[in-house]
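Here is a set of short exercises to work through with the model open beside you. Try each task first, then compare your steps with the worked solution.

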Amino acid sequence: MVTREEVARALEQVKLPASGQTLTASGRLSDILVNGDKVMVAIAIDPTEAAAMEPVRAAAQSAIGGVPGVGQALVSLTADRPSGPATTGMRPPPSTQPHVAAGRPSQPPSPKAATIPGVRHVIAVASGKGGVGKSTTACNLALALAANGQRVGILDADIYGPSLPKLFGLHGKPRVVSGRTLAPLEGYGVKVMSIGFMVEEETPMIWRGPMVMSAITQMLREVAWGELDVLVVDMPPGTGDAQLTMAQATPLAGAVIVSTPQDLALIDARRGVAMFRKTEVPILGIVENMSYFIAPDTGNRYDIFGHGGARKEAARLGVPFLGEVPLDMALRERSDSGRPIVATDPSSPHSLVYREVARQVWASLSGTGDVTIKPPPAIVIE
Ligand code: ADP
């Protein structure tokens, strides 16, 4: 088992060309993350130093690669630094719990992040809080876009709780195609990339803001996505600094917000809309998940979390309402066993809802329709 101390010792051999200082002494290193035989670390730089620091990054990566027991070393440069008094270096987080450090960038990122070659549209699926079905929606939306004829990829940016490997039933490790570039895995015709392919399931992950950004940037830009019409990004839940930074650093064509109908969830959803508006990312619409429940034995309908709140909220905010997905046992069982409903039961009423959501999203992206006037799908449970 590799230890952080061994990695730190190896990094003492790496010097900064300008000052001759060791990387370890420079205060630029993030905490060292060790997961089995994989080691990740980020080096904080000023954006103007990117080219000059690349040899340092490469030297650090090969130094770590030389530590006995290391199978994969991942060293990235990050121009994001934490705010506040600790800006002289990136200190380890105070606890070992999954943790997000303040990721507010020291200067506003450029208003438009660089596009990804071959990828026509990148869209975010986001929620104001966890547990509302954001990943389930992202997965089925990606599959529905593919079923509607688009070439689709999906990126798990929810690195605190990567769930796409499970949702797509994928377990392999991405193959290196050249240099640092990885090939995405493929599930039901959709290209999938997740940090979950690189680390063991159930491993608590400690990520600081800058490391989050470099992991996401690598998954966006150092993956052989090929030609895609849409790359769906499953965002981390919430609307904090890390999410805002990510929304700014990703070349987003639009965002889909997922909410349950409760008032509290809707307040969070509203924050999500505000966050994307702040970054000038168009809101493609709101999906109401767990909208209602039809008892399979009696056929009676129950509005467990209330119903229709998201539609009203969408109208109030002046954004499209994309559809209502009911709370459903089959949907949950299929999601949890890697058989997403749109791929494995394409004619189910839920799949048709997702197909309709996908149609509206694509109409909006491709500029072929006024999504705001389309009626939401009516679904019939037999
Ligand atoms: P989030 O990404 O917002 O944290 P997930 O997509 O992981 O949420 O969903 C949380 C749980 O709720 C999962 O077990 C998922 O299968 C379940 N779930 C999501 N949407 C539905 C739904 N419409 N009906 C039943 N279960 C759902």
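## Exercise 1: a strand with two partners

Strand β9 (residues 190-194) is mostly covered, as four of its five residues are buried. This is a predicted model, so please read every value below as computed from it.

**Task.** Find which strands pair with β9, and in which sense each of them runs.

**Solution.**
- Step 1. Start with strand β5, residues 152-156: four bridges join it to β9, and the two run parallel. One pair to look up is Asp156, whose bridge partner in β9 is Ser194.
- Step 2. Now turn to strand β8, residues 185-187. Its pairing with β9 is antiparallel and extends over three bridges. Here Glu186 has Lys191 of β9 as its bridge partner.
- Step 3. Put the two together: β9 pairs in the parallel sense with β5 and in the antiparallel sense with β8.

## Exercise 2: positive phi outside glycine

Some background helps here: most residues other than glycine have a negative phi.

**Task.** Where is Tyr188 found, and is it buried, partly exposed or exposed? Then do the same for Glu280.

**Solution.**
- Step 1. Tyr188 is found in the loop between β8 and β9. The hairpin formed by these strands has two residues between them.
- Step 2. Check the backbone: phi of Tyr188 is near 50 degrees, a positive value in a residue that is not glycine.
- Step 3. Check the accessibility. The relative value for Tyr188 is 39%, so the residue counts as partly exposed.
- Step 4. Move on to Glu280, which sits in the loop between α7 (263-278) and β12 (283-294). Its phi is also positive, at about 60 degrees, although Glu280 is not a glycine.
- Step 5. With a relative accessible area of 62%, Glu280 is exposed, because exposed means over 50%.

## Exercise 3: two helices crossing

Two packed helices are described by the angle between their axes and the distance between the axes.

**Task.** Describe how helix α3 (residues 134-147) and helix α11 (residues 349-366) pack, and what classes of residue make the contact.

**Solution.**
- Step 1. Take the geometry: the two axes come within 8 Å and cross at roughly 75 degrees.
- Step 2. Name the arrangement. This angle makes α3 roughly perpendicular to α11, because 65 to 115 degrees counts as roughly perpendicular.
- Step 3. List the contact. From α3 come Thr136, Thr137, Asn140, Leu141, Ala144, Leu145 and Ala147, and they meet Tyr354, Arg355, Val357, Ala358, Val361 and Trp362 of α11.
- Step 4. Sort by class: the contact has nine nonpolar, three polar and one charged residues.

## Exercise 4: an open sheet and its helix

**Task.** Work out the strand order of the open three-stranded sheet, and why some strands have one side without a neighbour.

**Solution.**
- Step 1. The order is β1-β2-β3, with mixed pairing.
- Step 2. Look at the edges: β1 (33-35) and β3 (72-78) each have a single partner strand, so one side of each is left without a neighbour in the sheet.
- Step 3. Add the twist, which averages 15 degrees from one strand to the next.
- Step 4. Inspect one pairing: β1 and strand β2 (residues 38-44) run antiparallel, joined by three bridges. Val34 has Val39 in β2 as its bridge partner.
- Step 5. Finish with helix α2 (residues 50-65), which packs on the sheet and touches β2 and β3. The directions of α2 and β3 make about 160 degrees.

## Exercise 5: into the cores

**Task.** Which residues have the most contacts inside the largest nonpolar core?

**Solution.**
- Step 1. The largest nonpolar core has 81 residues, and Phe168, Val232 and Phe276 have the most contacts inside it.
- Step 2. Take Val232 and leave aside neighbours within four places in sequence. Its contacts include Ile123, Ala138, Leu145 and Ile154.
- Step 3. Apart from this core lies another, of 22 residues, among them Leu11, Leu16, Ile45 and Val56.
- Step 4. Zoom out to the whole chain: 52% of its 382 residues count as buried.

Definitions and conventions: Residues are numbered from 1 along each chain as its sequence is written. This is a predicted model: local features need pLDDT of at least 70, side-chain atom pairs count only at pLDDT 80 or more; totals for chains, interfaces and linings use all residues. Side-chain values use heavy atoms; hydrogens and water are left out. Axes are lines fitted to C-alpha atoms, for helices over the stretch in contact, and angles run from 0 to 180 degrees between N-to-C directions. Angles under 35 degrees count as roughly parallel, over 145 as roughly antiparallel, 65 to 115 as roughly perpendicular and the rest as oblique. Contact means heavy atoms within 4.5 Å. Ala, Val, Leu, Ile, Met, Phe, Trp, Tyr, Cys and Pro count as nonpolar, Asp, Glu, Lys and Arg as charged, and the others, Gly among them, as polar. Buried means under 20% relative accessible area, exposed over 50%, partly exposed in between (1.4 Å probe, protein chains only). Two strands pair if DSSP finds at least two bridges between them. A nonpolar core is a set of buried Ala, Val, Leu, Ile, Met, Phe, Trp, Tyr and Cys residues joined through side-chain atoms within 4.5 Å.
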